[in-house]
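Let's walk through this model together, starting where the chains meet and then moving inside one of them. Keep the viewer open as you read.

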2 protein chains.
Amino acid sequence: MTIPQPYLLFLGDVQDRLSAKTAQGVLDWRPEWCAGQIRLPGCTVDLGLPEMTIADAAAKGVKTLVIGVVNAGGVLPERWSSVIVEALEAGLDVASGLHTRLESFPAVREAAERGGRALHNVRHSDRTFATGKGTKRPGLRLLTVGTDCSVGKKYTALSLERGMRARGLDADFRATGQTGVLISGRGVAIDAVVADFISGAVEWIAPDAAPGHWDLIEGQGSLFHPSFAGVSLGLLHGAQPDAFVVCHEPTRKTMRGVAHALPSIADVIDLTIRCGRLTNPAIRCVGIAINTQAYGEDEARACLEAASAEHGLPATDPVRFGVDGIVDRLLTEFPAV
Amino acid sequence: MTIPQPYLLFLGDVQDRLSAKTAQGVLDWRPEWCAGQIRLPGCTVDLGLPEMTIADAAAKGVKTLVIGVVNAGGVLPERWSSVIVEALEAGLDVASGLHTRLESFPAVREAAERGGRALHNVRHSDRTFATGKGTKRPGLRLLTVGTDCSVGKKYTALSLERGMRARGLDADFRATGQTGVLISGRGVAIDAVVADFISGAVEWIAPDAAPGHWDLIEGQGSLFHPSFAGVSLGLLHGAQPDAFVVCHEPTRKTMRGVAHALPSIADVIDLTIRCGRLTNPAIRCVGIAINTQAYGEDEARACLEAASAEHGLPATDPVRFGVDGIVDRLLTEFPAV
């Protein structure tokens, strides 16, 4: 799916910053697409964007109203539907990362049909894909993989896009999750695809490209997560990455949602290479991204230095210290680029 | 889904035995469920079952009309819908492994609704599953894995069920594909499940059981197949097998549908153990099943002896030579059972 920009970010009536993290993610990574914010009475979160009505937004050329909030269960409250209908009637598309499909409200469905507007339910996948072929495609690809879910795979890929573009490289973030799709305006929530088509969908997300072009593909889950490893393996095979970065959160004791211990970074490197060779025999690890949020500056630097020394790879916290070391490594490993 | 027995096998107007392989599979493994066959004018395939009209079948207590045919694209021809409607009106359920959903014909949908009959589209999964938890469940489980797709994983699991039951063991085949679901009357086509729920669906298919009970779980794809390895890995983690059997077809040069070479049996054993340990640290290989159909008797025996010697495991062609060697091995490895 392709979501037209610019966006108006809808914050509903949320009262804490975490509930607005989707909108915050879009603003952090695509500020140039964010024309304004719209809030309902009671909303206490402020992203610092211009406050707009739907009419303002339409007049200023906004193309999509983005439901920028998350909540437990991913439910879209019915009280938000009138703003959504108003946006559709003003000629905007609407995009949502919630589990509830926008068209499940008859008024929303009818308004979209009436005006010929698109409803982008980015947590769902209604597209048909071919099964993966595993054939080597032109262009270069980097995949972020993880010791667990929610360890910074999306932010690492986005940080690499920013860092590589800043150095004149031709690089595009490729989204495989709902927030990533809103941030990049295209992509597929890969965990919502029918199981037979995981790798095929990734082949569609990161298609043939120019020889020097880098796709920076957002990873999902972990090969070591008992709930989601199948998604991670299909994603690895479909991405056929030339390079990968391992993402890690050093304070976590058990994998998200289950009782299993985290694998080591070395385990992840080893199994990723072993399985990744199937569709790219030259796959190699080019860096480690560690979320050091829980650490002070000195502790964070010590943690990164230890990881770098242990694995002989650049290690960084992309948000805190940037990605220059990993980009240097990429330029060394892929000198023709 | 649970499909009520006995079955009436519908052969449509097919003219070659291969197109009736679903019906043949059900008859091979569940002859006691197959009350009769029904054929349209032009059908030249005969399974040797009593010929029945829908009225005959209903009078004899048949519970489900099974569409026992396959074709390219899995399309249900509209000319078959009148028999399906007749079956529903006579009080039968209808089950189909074709891609076309039964209810896509309005007359079929309406007849099912009118009579309160169930339409079992076994290639689709409409059920909601939890995500996999990876927690060890009571009971014993064996998974058939493969060097490729279509190398005998279903037939090996079914042969083991027959062989183990014949020796007084408590064993149930667990279906993960459409034909397997028709053969066992329950299960889920795992490749049709949304990617996030692969391992969770398998946890549902092979739930908690008595300590000495064996679930014999039908594998899908291969950890080395670039199109489907994600399904195979999620299935492995959800099955948490105590034991596995590697299935292989020795004359195949490339993996089904792609240009990749087949992995060796040793590769499959090694990666299955490595990944399977995540949800069952005691996982072990207990045998090799080789489809020797292309070989004469002597060549087949030589092939099996060589595989057995190379891997130190019982090797058999289950259809040709039975599964006693593998069952012996299971009894040795799991003596408490």
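Two salt bridges connect chain A and chain B, a salt bridge being a side-chain nitrogen of Lys or Arg within 4 Å of a carboxyl oxygen of Asp or Glu. In one example, the side chains of A:Asp270 and B:Arg274 come together with an N to O distance of 2.6 Å. The interface also has 16 residue pairs in polar contact, both residues at pLDDT 80 or more; a polar contact is a pair of N or O atoms within 3.5 Å, where within protein one must be able to donate a hydrogen and the other to accept it, and residues adjacent in sequence count only if both atoms are side-chain atoms.

Which elements of chain A supply two or more residues to this side? They are helix 7 (198-205), helix 8 (229-239) and helix 9 (265-276), with helices (H or I, at least four residues) and strands (E, at least two) taken as DSSP runs numbered from the N terminus. Helix 8 of chain A gives the most, six residues. By type, the side of chain A that touches chain B divides into 17 nonpolar, twelve polar and six charged residues. Here Ala, Val, Leu, Ile, Met, Phe, Trp, Tyr, Cys and Pro count as nonpolar, Asp, Glu, Lys and Arg as charged, and the others, Gly among them, as polar.

A word on the ground rules: this is a predicted model, in which local features need pLDDT of at least 70 and side-chain atom pairs count only at pLDDT 80 or more, while totals for chains, interfaces and linings use all residues. Residues are numbered from 1 along each chain as its sequence is written, chains are lettered from A and ligands numbered from 1 in the order in which they are written, and side-chain values use heavy atoms, with hydrogens and water left out.

Each chain brings 35 residues to the contact, where contact means heavy atoms within 4.5 Å. Together the chains bury about 2,700 Å², 55% of it on carbon and sulfur atoms; buried area is the accessible area (1.4 Å probe) that two parts lose on being put together, summed over both. A turn of 180° with a shift of 0.0 Å along the axis lays chain A on chain B with an RMSD of 0.0 Å, after least-squares superposition on the C-alpha atoms of residues with pLDDT of at least 70 in both. That is the relation of a two-fold axis. The copies meet through the same surface, because 100% of the interface residues of chain A are also interface residues in chain B.

Now step inside chain B. B:Ser222 sits in the loop between strand 8 (214-217) and helix 8 (229-239). B:Ser222 is buried at 1% relative accessibility, where buried means under 20% relative accessible area, exposed over 50% and partly exposed in between (1.4 Å probe, protein chains only). Its side chain reaches the backbone oxygen of B:Gly146 at 3.1 Å.

Helix 1 (residues 21-29) of chain B is mostly covered, with seven of its nine residues buried. Those buried residues pack against strand 1 (7-12), strand 2 (34-39), helix 5 (153-166) and helix 6 (178-184) of chain B.

Finally, B:Arg284 and B:Glu333 form a salt bridge at 2.7 Å, N to O. B:Arg284 belongs to strand 10 (residues 284-290) and B:Glu333 to helix 12 (residues 324-333), so the pair ties together parts 49 residues apart in sequence.
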